[in-house]
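The exercises below are to be worked with the sequence and the model open side by side. Each has a task, followed by a solution in steps.

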Amino acid sequence: MNLEKKIERLTLLLRLDGELDMHTASMVRQAIDIEIEKRGIRTVILNFQDVRFVDSSGLGVILGRYKKLLPLGGKLKITNVPPHIYKIMELSGLPKIISFYLDEAHAYEEGRGA
């Protein structure tokens, strides 16, 4: 799993590349948590464009970061999800609680009140 981080104000954009599974979940969790704790990040945007596989550990990381941001008044947003990954997320119920966006631009715009 490769991660590309971009921070703008209190927003962390994380572009994921690879597989989000039991082998990479802790690395992704730590990357997000460090930014939340050190920089006071309140919005996390996860770009799944280059993610090829997600298992229950990966879903757990997503749900865990959502639960961590919620009491802080923060948001977790997911963008660019390939159809086969979205099906897995849909079966787990994530789209019922987490906002999904077509692309990064839409995720950023929603936060700016546009």
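**Exercise 1. A lysine in a strand**

Task: Decide whether Lys-77 is buried or exposed, and find which backbone oxygen lies 2.8 Å from a polar atom of its side chain.

Solution. The structure is a predicted model.
- Step 1. The relative accessibility of Lys-77 is 3%. Buried means under 20%, so Lys-77 counts as buried.
- Step 2. Lys-77 belongs to strand S4, which spans residues 75-79. Of the 5 residues in S4, 4 are buried, and the strand is mostly covered.
- Step 3. A polar atom of the Lys-77 side chain lies 2.8 Å from the backbone oxygen of Ala-107.
- Step 4. S4 runs parallel to S3, and 5 bridges join the two strands. Among these pairings, Leu-76 in S4 is the bridge partner of Val-44.

**Exercise 2. The aromatic pair**

Task: Classify the arrangement of the rings of Tyr-86 and Phe-100, and state which elements hold the two residues.

Solution.
- Step 1. The model has 1 aromatic pair. The ring centres of Tyr-86 and Phe-100 are 5.3 Å apart, and centres within 6.5 Å count as a pair.
- Step 2. The ring planes stand at 90 degrees, so the pair is edge-to-face; the cut-off for that class is over 60.
- Step 3. Tyr-86 is in helix H3 (residues 83-92) and Phe-100 is in strand S5 (residues 99-101). The two residues are 14 residues apart, and the pair links distant parts of the chain.
- Step 4. Tyr-86 has 27% relative accessibility and counts as partly exposed. Phe-100, at 24%, also counts as partly exposed.

**Exercise 3. Salt bridges**

Task: For the salt bridges Arg-52 to Asp-17, Asp-33 to Arg-65 and Arg-39 to Glu-35, give the N to O distance, then describe the setting of each pair.

Solution. Side chains of opposite charge can pair when their charged atoms come close. The count for the model is 8 salt bridges, and the three in the task are worked here.
- Step 1. Arg-52 and Asp-17 meet at 3.4 Å, N to O. This pair links strand S3 (residues 43-54), which holds Arg-52, with strand S2 (residues 11-20), which holds Asp-17; the two residues are 35 residues apart. Arg-52 is exposed, at a relative accessible area of 52%, whereas Asp-17 is partly exposed at 29%.
- Step 2. Asp-33 and Arg-65 meet at 2.7 Å, N to O. Asp-33 lies in helix H1 (residues 25-39) and Arg-65 in helix H2 (residues 56-69), so this salt bridge ties together parts 32 residues apart in sequence. Both residues are buried. They also belong to a network of salt bridges that links Asp-33, Glu-37, Arg-65 and Lys-68.
- Step 3. Arg-39 and Glu-35 meet at 2.5 Å, N to O. Both are in helix H1, 4 residues apart, which means that about one helical turn separates them. Glu-35 counts as buried, with 6% relative accessibility.

**Exercise 4. Helix H1**

Task: Compare the span of H1 with the expected span, then list which of its residues are buried and what covers them.

Solution.
- Step 1. H1 has 15 residues. From first C-alpha to last it reaches 21 Å, close to the 21 Å expected at 1.5 Å a residue.
- Step 2. The buried residues in H1 are Ala-25, Val-28, Ala-31, Ile-32, Asp-33, Glu-35 and Ile-36.
- Step 3. Their cover includes strand S1 (2-8), S2, S3 and H2.
- Step 4. After H1 comes Gly-40, with a positive phi near 70 degrees.

**Exercise 5. Positive phi outside glycine**

Task: Locate Arg-9 and Asn-80 in the chain, and say whether each is buried or exposed.

Solution.
- Step 1. Arg-9 is not a glycine, yet its phi is positive, about 55 degrees. Its place is the loop between S1 and S2.
- Step 2. S1 and S2 form a hairpin with 2 residues between them. The strands pair in the antiparallel sense over 7 bridges, and one of the pairings joins Glu-8 to Thr-11 in S2.
- Step 3. Arg-9 counts as exposed at 74% relative accessibility.
- Step 4. Asn-80 also has a positive phi, near 50 degrees. It sits in the loop between S4 and H3.
- Step 5. At 19% relative accessibility, Asn-80 counts as buried, because the cut-off is under 20%.

Technical notes: Residues numbered from 1 in each chain as written. Predicted model: local features only at pLDDT ≥ 70, side-chain atom pairs only at ≥ 80, totals over all residues. Heavy atoms only, no water. Phe/Tyr/Trp six-rings, centres within 6.5 Å; stacked < 30°, edge-to-face > 60°. Buried < 20%, exposed > 50% of the residue type's maximum accessible area, 1.4 Å probe, protein only. Polar contact = N/O pair within 3.5 Å; in protein donor to acceptor, adjacent residues only side chain to side chain. Salt bridge = Lys/Arg side-chain N within 4 Å of Asp/Glu carboxyl O. Expected span 1.5 Å × (residues − 1). Contact = heavy atoms within 4.5 Å. Pairing = 2+ DSSP bridges.
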